[in-house]
Amino acid sequence: MMKNHSRLYRLIRPMVSSHFAGGRDAFHGGILKQQCYLHIVPSRDNYVEDTEPFSLITPHDTTNTWSRWTTIERSPPKLAPGMLLFKNYLNLLGQVEIVDLCQKQDARFCQPSNPSGAKLRLHMMCFGRNWDPVTGYTSDGSEPPPLPHQLISLAEVIIKEAQLHLDIPSMCPDICLVNFYRPDGRLGLHQDRDESSCSLERGLPVISISIGDTAEFLYGHTRDENKLDRVLLESGDVLVYGGNARLIFHGVKRIIPYTSPSLLSRISGLKSGRLNLSLRQF
Ligand SMILES: O=C(O)CCC(=O)C(=O)O
Ligand SMILES: [Fe+2]
């Protein structure tokens with residue numbers, strides 16, 4: 001039995017200090033017997049003084065508070081010139097953070113109507129400026145909550161990353177439209193053209209973040225639905241469209257129920273459906 005034990009020890013390279021290798025137990029100062037050589041004897045030299053306080057977690061990029069919550073894809077798919085999709089960009093904790101940011105605000109979600117008076121099949125709230133499908137950005141006195149600084153810094157990181165792949169100008173958002181689609185929600189084909197003419201002419205990009213159930217998203221440079229392209233936007237995906245794609249037609253054809261990550265609703269409490277944030281610069 002004892003023999004087996006000493007064989008086993010020999011398979012593992014002992015951590016020895018230079019003192020120890022010389023046959024001396026540095027901790028006790030005595031000469032070691034040959035058989036003790038294979039045992040690990042604590043030595044002061046085995047403890048390296050940390051210059052930094054010990055930390056259980058690996059240090060993260062302090063210049064980017066989102067670095068722990070995002071994963072950057074090396075070659076994200078380009079959907080069209082000026083349009084890029086970062087698949088699964090926000091991890092689960094990042095998605096929960098966004099739900100919390102939206103839920104914390106005083107602004108109530110409302111169900112706006114389109115110019116014909118029909119209710120849109122979504123609930124909406126805004127950060128920065130209020131938007132209405134009939135009047136565009138309104139200044140009717142009701143103050144929307146300011147755009148949370150976390151979303152501004154997230155946009156900064158996303159734009160920098162997108163510029164590695166797309167020829168688009170920088171953008172610092174001052175508006176965020178937040179849409180929530182129930183499982184039967186949708187959004188008709190449209191262009192995002194209520195921002196300032198300067199913003200549109202320069203092709204300042206829109207960042208669109210998807211959380212919750214998957215959406216079937218249509219897009220293209222035509223109003224003809226049969227000629228549009230289609231992509232599935234899943235929880236955590238981030239779409240960027242600017243430059244040549246700034247005025248691209250797009251819409252949400254349908255929500256695919258029960259496709260949201262189950263942990264997302266358990267952790268954040270997000271209802272069944274899809275949350276979409278679109279960050280823009282007026
Ligand atoms: O929900 C989406 O993915 C699109 C939202 C959108 O196009 C908009 O709010 O203008
Ligand atoms: Fe839009």
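**Open sheet.** I began with the four strands that form an open sheet in this predicted model, and I noted their order as S7-S12-S9-S10, with antiparallel pairing. At the edges I found strand S7 (187-190) and strand S10 (229-233), each of which pairs on one side only. From one strand to the next, the twist averages 25°. I then looked up how S9 and S12 are joined, and recorded seven bridges in the antiparallel sense. Within this pairing I followed Tyr219, whose bridge partner in S12 is His250. As a reminder to myself, strands of a sheet pair through backbone hydrogen bonds, either parallel or antiparallel.

**Strand S8 and its partners.** Is strand S8 (residues 206-212) enclosed or open to the outside? I checked its residues one by one against the cut-off for burial, which is 20 or more other C-beta atoms within 10 Å. Seven of the seven residues of S8 are buried, so the strand is largely enclosed by the rest of the structure. I next asked which strands it pairs with, and found that S8 and strand S11 (residues 238-241) are joined over four bridges in the antiparallel sense, while six bridges link S8 to S13, again antiparallel. For a single pair on each side, I wrote down that Ile209 has Val238 as its bridge partner in S11, and that Ser210 stands opposite Asn276 in S13.

**Nonpolar core.** I turned to the largest nonpolar core, which has 52 residues. Those with the most contacts inside it are Cys126, Ile158, Cys176, Val178, Ile207, Val238 and Val240. What does Ile207 touch, if residues up to four places away in sequence are not counted? I listed Ala155, Ile158, Val238, Val240, Ser278 and Leu279. Of these, Ile158, Val238 and Val240 appear again among the core residues with the most contacts. Val238 is also the bridge partner of Ile209, and I marked it for that reason as a residue to find in the viewer.

**Around ligand 1.** I looked up which residues surround ligand 1, and the list reads Leu177, Asn179, Leu187, Asp192, Ser208, Ala215, Phe217, Leu233, His250, Val252, Asn276 and Ser278. The elements that give two or more residues to this shell are strand S6 (175-181), strand S9 (214-220), strand S12 (249-256) and strand S13 (274-280). Sorted by class, the shell has six nonpolar, five polar and one charged residues. I noticed that His250, the partner of Tyr219, belongs to this shell, and that Asn276, which stands opposite Ser210, belongs to it as well.

**Two loop residues with positive phi.** Phi of Asn88 is near 50°, a positive value in a residue other than glycine, and I located Asn88 in the loop between strand S2 (83-86) and helix H3 (92-103). With 13 C-beta neighbours inside 10 Å, Asn88 counts as partly exposed. Tyr258 also has a positive phi, near 60°, and sits in the loop between S12 and helix H6 (262-268). I recorded Tyr258 as exposed, because 9 other C-beta atoms lie within 10 Å.

**Whole chain.** To close the page, I noted that the chain has six helices and 13 strands, and that 29% of its 282 residues count as buried. Among contacts between residues at least 6 apart in sequence, 71% join residues at least 24 apart.

How values were computed. Residues numbered from 1 in each chain as written. Chains lettered and ligands numbered in written order. Predicted model: local features only at pLDDT ≥ 70, side-chain atom pairs only at ≥ 80, totals over all residues. Core = buried A, V, L, I, M, F, W, Y, C linked by C-beta atoms within 7 Å. Buried ≥ 20, exposed ≤ 12 C-beta atoms within 10 Å, placed from the backbone. Contact = placed C-beta atoms within 7 Å. Near = placed C-beta within 6 Å. Nonpolar A, V, L, I, M, F, W, Y, C, P; charged D, E, K, R; others polar. Pairing = 2+ DSSP bridges. Axes fitted to C-alpha atoms, helices over the stretch in contact; angles between N-to-C directions.
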